[in-house]
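Work through the exercises below with the structure open beside you. Each task is followed by a solution that proceeds step by step.

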Amino acid sequence: MPTMLRMAHPDLIVSWLHTLVEATANVAFALSGLLAGIRKQLDVVGLCVVMGLAAFGGGTLRDVLLDRRPFFWVEHPGWLWVLIAAGIAAILFVRSSQFEFTERAIQWPDALGLGLFTASGTQLGLAQDMPTIVAVLMGVVSATFGGILRDVVCNEIPTALRDRRPYAVCAFAGGWVYVLAAQFATPGTAFVLAAITATATRAWALLSRYELPARHTAKPTE
Amino acid sequence: MPTMLRMAHPDLIVSWLHTLVEATANVAFALSGLLAGIRKQLDVVGLCVVMGLAAFGGGTLRDVLLDRRPFFWVEHPGWLWVLIAAGIAAILFVRSSQFEFTERAIQWPDALGLGLFTASGTQLGLAQDMPTIVAVLMGVVSATFGGILRDVVCNEIPTALRDRRPYAVCAFAGGWVYVLAAQFATPGTAFVLAAITATATRAWALLSRYELPARHTAKPTE
Amino acid sequence: MPTMLRMAHPDLIVSWLHTLVEATANVAFALSGLLAGIRKQLDVVGLCVVMGLAAFGGGTLRDVLLDRRPFFWVEHPGWLWVLIAAGIAAILFVRSSQFEFTERAIQWPDALGLGLFTASGTQLGLAQDMPTIVAVLMGVVSATFGGILRDVVCNEIPTALRDRRPYAVCAFAGGWVYVLAAQFATPGTAFVLAAITATATRAWALLSRYELPARHTAKPTE
C-alpha cells in the first residue's frame, strides 16, 4: 500500500503524510479495542488480543478473502510491539478518568481510519480484478470487520450492526467514489477522494446525529 | 458448480432446475439471517451483513478451508445487490405479521438449501482429493456454518448446536450418500441422491418432531 | 510436524513419545470443548463441533494465516472419528459426577497441549520466514485460539482473555525460548525446551495461583 501510493505520488511529503494518517488510524482502531476490553474487565492478554483484532482484524480478513500475503502486521511487525506495550501501559499507568476522556476523543481519529481503510480495501479489491461491488465490499470489510470481531470476542452484538449511526454506509459511499474517480483520475487521486468521502460523511453523521432507519418488532428478544 | 453439473447433464432443463434450486436455497438462507437480524433489532447495515453471513458464510468458510477461489459471491456478484435490496425493503416495506408468517414458511426452502449445500460441499471436497470424512465434513460445513456465523454475530449460542432437531446430522447423512453413490453412478446422480437424502431426512425431522439425545447437567450455567 | 521432528531425531522412541504427547494434547483440548458444550446443554452435534473447534481451531487458524496446507485434521482424518465417537459416548454413557472430576483433571494434560502447540506453532512460523515476533505469535495463536473459538461459539467472553491466570503469556514465553534456543541448538532441542518452558510456567501458575494484573473500572458493564 505505501509502495503503491509512493508510485502514484513520488512526493516525499505525501508519503510521510500517508504514514502519519495510517499510524493515526491504527492507533484509533486499537484504542477502540482497548476501551472495549477495559469495559469487559479483561486481563492484560485480553486487552492486547482485542486491540489486535480491532486494529488488524478487518484488513486481515480482507487479505484472507483476497488470498493476499503478507498481512499488514507481518510486513510491519513493529506494530505488534506497540500493541503489547499499550496493553501493559493501560493496565499499569492509566487512570479511569483518562479512559472516559478517550472514549469521546477517539471518534475523530476513528473516522480517519474509516476513510483510509475504505480507500485501501477498495483499491486492493480492484487491483485483484474483483467485480466492482466486491471491491467496494472489500473496502467496507477492511473498515468495519475489525470492530465486528472486537465486539464478537467481547460477547456483544457488534455496534456496527445495530448502532443506527452510519458507519459501514460511509465506507460503502467512499468505495463507490473510488470506483468512479478511478475512471478519470490516477489511483492516488481516487484514494484521497474516497478517503475524504468516507471520513467526511462519518464526521457529518457524528455531528448531525443522523440515524439510519431500523425496525422495531412488537416483541423484541433482547 | 453449475458448470460441473452442466457437464454431467448437458440437458438444459436440468441446468435450469439447478439454478432455480440454488436461488431458492440462497434466498431461504438469507431470509433466516433477515429474521434473526430483525429479532435483534439490527439496523439496515446489520440486516444486510447477517443475511450475507447466513447465505454465503458456510460456502465461503468451506472455500477458505479448501483454498478454493473464486467464492460464490465473487462469481455471482449480482446476489450482493439482491441482499442489499432485501435489507432495505425489509426495513421500509414489510409489516411484522409478514415476518411471523415467514418464520414458519422458510423451514421448507431452508431444507432444500441444506440438501443442495451438502451435496455441493461434499462434491468439492472429493474433487480436491480430501479424505472421505473430510469431504463429508465440507458438505456439513457448507450447509451449517452460515447459520452458525449468523447466530454468533447475533450473540446467541448457535441453533444448529443446541436445538435438538436434526440439521447437521441430515447433512452428514447426505454427504455419505454422495460418497457411496459416487462409487457406482455419475457425479450428477450422486449429487441428486445426496441432496434428496439430506432434504428428506430434515423434512422428516421437522414433521415427526424427532429430537437428538442431549445431556442435562444438574446445574446448568445458562 | 511429526516428519520434521523425525528428521531432527531419527530415534524411534522420540517419534513415539511425540505421537503420545500430541495425542494427549489433542484429547485434553477436545475434552475442554466437551465440558464447555455440556455446561451449555448442547446436543450431540454441538458437542462434536465445540470439541473440534477446541482441538483443531487454533492450529487451523494458524495454518490459514500462514497459507499452509494440509491441515492437521486433513492429514490425520482418524481424529475426526475419535471426536464423533467421544461426543456420542459423552451423551450416552457418562455420568455428571465424572464430568466434575474431569474438569479438575484436564488442567494438566491441557498444560502439556499448551507447550506442544506453542513449540510447533513457533517452529512453523520460523520455517515460513516470518519475522520473529510473528513466529512467536503463531505459537500463541496455535495454543490459545482453539479455546477462544470454543468460548465464542458457547457465547462466553473467552477465558483466555479475562481469567487472570497466565495462559497465553506462558505460550509467549515458550515461543521466545524456541527463538533463542534455535540460535544455538537443533530444531528438535529448541522444540523440547520451548514446550517445557510453556508447560512448566503454566503448571507453576496453576500451583501458585499467580494472577496477571487487570484493571477494575468504576462502572463495569458486565
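Two residues are taken to be in contact if their C-beta atoms, placed from the backbone, lie within 7 Å. The model is a predicted one.

**Exercise 1. Describe the side of chain B that touches chain C.**

Step 1. Applying the contact cut-off to this pair of chains, one finds 28 residues of chain B in contact with 23 residues of chain C.

Step 2. Turning to secondary structure, helix 8 (132-153), helix 9 (159-162) and helix 10 (168-184) of chain B each supply at least two residues of this side, and helix 8 of chain B gives the most, with 4 residues.

Step 3. Sorted by class, the residues on the side of chain B that touches chain C comprise 18 nonpolar, 4 polar and 6 charged.

**Exercise 2. Carry out the analysis for the side of chain C that touches chain A.**

Step 1. Here 28 residues of chain C are in contact with 23 residues of chain A.

Step 2. Two or more residues of this side come from each of helix 8 (132-153), helix 9 (159-162) and helix 10 (168-184) of chain C, with helix 8 of chain C giving the most, namely 4 residues.

Step 3. The division by class on the side of chain C that touches chain A is 18 nonpolar, 4 polar and 6 charged.

**Exercise 3. Find which turn and shift lay chain C on chain A, and state what relation this is.**

Step 1. A turn of 120° with a shift of 0.0 Å along the axis lays chain C on chain A with an RMSD of 0.0 Å.

Step 2. A turn and shift of this kind are the relation of a three-fold axis.

Step 3. To locate the axis within chain C, look for Asn155(C), whose C-alpha is the nearest to the axis in that chain, at 3.8 Å.

Step 4. Chain B is laid on chain C by a turn of 120° and a shift of 0.0 Å along the axis, with an RMSD of 0.0 Å, and in chain B the C-alpha nearest the axis is that of Asn155(B), 3.7 Å from it.

Step 5. Only 11% of the interface residues of chain C are also interface residues in chain A, so the copies meet through different surfaces.

**Exercise 4. Describe how helix 2 and helix 5 of chain A pack, and place Met51(A) in the nonpolar core.**

Step 1. Helix 2 (residues 12-39) of chain A packs with helix 5 (residues 78-92) of chain A at an angle of about 35°, their axes being 11 Å apart, and the crossing of these two helices is right-handed.

Step 2. On helix 2 of chain A the contact is made by Asn26(A), Ala30(A), Leu34(A) and Ile38(A), and on helix 5 of chain A by Trp79(A), Leu83(A), Ala86(A) and Ala90(A), which by class gives 7 nonpolar, 1 polar and no charged residues.

Step 3. The largest nonpolar core has 205 residues, and among those with the most contacts inside it are Ala30(A) and Met51(A).

Step 4. Leaving aside its neighbours within four places in sequence, Met51(A) is in contact with Ala30(A), Gly33(A), Leu34(A), Leu83(A), Ala86(A) and Gly87(A).

**Exercise 5. Decide whether Ile196(C) counts as buried, exposed or partly exposed.**

Step 1. Ile196(C) is found in helix 11 (residues 187-208) of chain C.

Step 2. A residue needs 20 or more other C-beta atoms within 10 Å to be buried, and 12 or fewer to be exposed; because Ile196(C) has 14 C-beta neighbours inside 10 Å, Ile196(C) counts as partly exposed.

Note on methods
Residues are numbered from 1 along each chain as its sequence is written. Chains are lettered from A and ligands numbered from 1 in the order in which they are written. This is a predicted model: local features need pLDDT of at least 70, side-chain atom pairs count only at pLDDT 80 or more; totals for chains, interfaces and linings use all residues. Copies are superposed by least squares on the C-alpha atoms of residues with pLDDT of at least 70 in both. Ala, Val, Leu, Ile, Met, Phe, Trp, Tyr, Cys and Pro count as nonpolar, Asp, Glu, Lys and Arg as charged, and the others, Gly among them, as polar. A nonpolar core is a set of buried Ala, Val, Leu, Ile, Met, Phe, Trp, Tyr and Cys residues joined through C-beta atoms within 7 Å. Axes are lines fitted to C-alpha atoms, for helices over the stretch in contact, and angles run from 0 to 180 degrees between N-to-C directions. A crossing is left-handed if the near helix is turned anticlockwise from the far one by less than a right angle, and right-handed if clockwise.
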